[in-house]
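Subject: The structure for you to look through

Hi,

Here is the structure I promised to pass on. Have a look at it in your viewer first, and then read on for what I found.

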Amino acid sequence: MSKVVLVTGGSRGIGAAVCRLAAKAGYDVAVNYAGREDAARAVAAEVKALGRRAVILQADVGNADAIPDLFDRCIEEFGGLDAVVNNAGVINKTAPLADLSVEEIRRIVDIDLTSAMLVAREAVRRMSTARGGKGGVLVNMSSRASELAGVGGFIPYGAAKGGIDVLTIGLGREVAGEGIRVCGIRPGLIDTDIQNDTGVEQRMERFGPTVPMGRGGTADEVAETVLWLMSEKASYVTATTIDVSGGR
Ligand code: NAP
């Protein structure tokens with residue numbers, strides 16, 4: 001039987017690249033999305049064209065009640081769950097902290113940290129061998145903004161991603177004896193739609209050359225590392241986070 005992966009925010013960008021590469025690696029794929037059903041459908045069609053099963057699952061991970069239901073629907077569809085990529089995320093419009101509204105700060109922390117913690121909690125509830133599951137892998141999508149402290153107008157985002165790094169270490173150690181590996185990735189400047197949400201014009205073009213490698217990265221370059229972490233090749237890797245950032 002093939003393996004199953006649930007990718008939150010699988011409709012676009014890095015999550016979509018993970019869905020495609022996971023299908024190539026033989027996974028059936030649950031593509032979660034928030035609002036872009038069209039994009040989720042297109043990713044699912046690509047997964048199916050690669051000969052794997054796909055389902056699109058709408059759920060706003062910022063809504064705590066939607067998360068158990070998201071997992072239920074995935075498991076109902078495929079009969080199991082082997083890996084979860086905790087990837088859905090948003091970024092604040094660049095601004096000094098002193099100029100940000102409480103609503104904007106809460107939105108970023110809710111979606112980038114609280115929801116990621118709730119997705120992680122649900123993943124453990126479903127996969128832990130101590131809770132009747134068969135084990136699995138959880139990959140948390142952090143950002144270089146955590147260690148760079150969100151300097152440049154992204155303090156809420158950087159702080160939320162710092163929380164993700166702590167989640168990866170703490171949970172990885174907590175469930176290491178329960179058949180679950182918990183790993184993280186800190187992408188650098190990656191060419192996806194999220195760049196437009198920062199409000200910075202031509203962010204890739206402007207900042208790409210400042211990366212030590214002299215360019216921004218692609219969603220596929222991040223997804224390759226996700227797939228490696230999900231694989232048995234990373235069988236002794238847990239409670240740690242890998243930078244995929246061209247040296248940034
Ligand atoms: P993206 O292209 O903007 O895609 C974001 C994805 O997340 C979409 O699939 C979107 O769904 C989904 N999403 C957003 N809010 C959601 C919610 N409340 N519930 C469910 N899904 C939601 O962004 P990306 O660059 O691929 O980012 C993916 C992850 O990588 C994020 O966690 C981001 O912080 C992280 N990251 C990105 C970069 C970068 O430079 N691109 C760098 C470091 C870290 P819809 O399509 O339905 O809107």
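Strand β5 is covered on both of its faces: G136, L138 and N140 on one side are buried, and so are V137, V139 and M141 on the other. With six of its six residues buried, β5 is largely enclosed by the rest of the structure. Please keep in mind that this is a predicted model. The two-sided listing follows a simple rule: in a regular strand, side chains alternate between the two faces of the sheet.

Which strands pair with β5? One partner is β4, which pairs with β5 in the parallel sense over four bridges. If you want to find this pairing on screen, look for V85, which stands opposite V139 in β5. Another partner is β6: six bridges join β5 (residues 136-141) to β6, and the two run parallel. Here V139 turns up again, as its bridge partner in β6 is C183.

From C183 you can step across to the next strand. C183 stands opposite T240 in β7, and five bridges join β6 to β7 (residues 240-244), again in parallel.

Is β6 mostly covered or mostly open? Strand β6 (residues 180-187) is mostly covered, with eight of its eight residues buried. One side of β6 holds I180, V182, G184 and R186, the other holds R181, C183, I185 and P187, and both faces are covered.

Now for a helix. Helix α3 runs over residues 66-78, and its 13 residues reach 19 Å from the first C-alpha to the last, close to the 18 Å expected at 1.5 Å a residue. Which residues of α3 are buried? They are A66, I67, L70, F71, C74 and F78. These residues cover an arc of only 140° around the axis, which puts them on the same side of α3. The general background is that an α-helix has 3.6 residues a turn, so residues three or four places apart point the same way.

Just after this helix comes a residue worth finding. D82 lies in the loop between α3 and β4 (83-86). Is D82 buried or exposed? Its relative accessible area is 18%, and the cut-off for buried is under 20%, so D82 counts as buried. D82 and G136 are 54 residues apart in sequence, yet their C-alpha atoms are 4.8 Å apart in space.

For a contrasting case, try D99 in the loop between β4 and α4. D99 has a relative accessible area of 59%, and because exposed means over 50%, D99 is exposed. D99 and G153 are also 54 residues apart along the chain, and their C-alpha atoms are separated by 9.8 Å.

Next, the spaces in the structure. How much space does the largest pocket hold? Its volume is about 1,000 Å³. The lining is made up of 48 residues, of which G89, V90, I91, Y157 and I194 lie nearest the centre. Elements giving two or more residues to this lining include α1 (13-24), β2 (27-33) and α7 (203-207). The largest share, three residues, comes from α1. By class, the lining has 21 nonpolar, 17 polar and 10 charged residues.

The second largest pocket holds about 190 Å³ of space. Of the 13 residues lining this pocket, K3, D82, G136, V137 and E232 lie nearest its centre, so you meet D82 and G136 again here. Sorted by class, this lining has four nonpolar, four polar and five charged residues.

How many cavities of 30 Å³ or more does the structure hold? There is one, and the largest cavity has a volume of about 40 Å³. Its lining consists of N86, N87, A88, I111, D112, A116, M141, K161 and I164. You have already met M141, on one of the two covered faces of β5. Both α4 (102-127) and α6 (155-174) supply at least two residues of this lining, and α4 gives the largest share, three residues. In terms of class, five of the lining residues are nonpolar, two polar and two charged.

A good place to begin is V139, with V85 opposite and C183 as its partner in β6.

Enjoy exploring!

Best wishes

Key
Residues numbered from 1 in each chain as written. Predicted model: local features only at pLDDT ≥ 70, side-chain atom pairs only at ≥ 80, totals over all residues. Heavy atoms only, no water. Buried < 20%, exposed > 50% of the residue type's maximum accessible area, 1.4 Å probe, protein only. Pairing = 2+ DSSP bridges. 1 Å grid on protein atoms, 1.4 Å probe; cavity = no way out; pocket = protein on both sides within 12 Å on 5 of 7 lines; lining within 4 Å. Points joined across faces, edges and corners; volume = space filled by probe spheres on them. Nonpolar A, V, L, I, M, F, W, Y, C, P; charged D, E, K, R; others polar. Expected span 1.5 Å × (residues − 1). Arc of directions from axis to C-beta.
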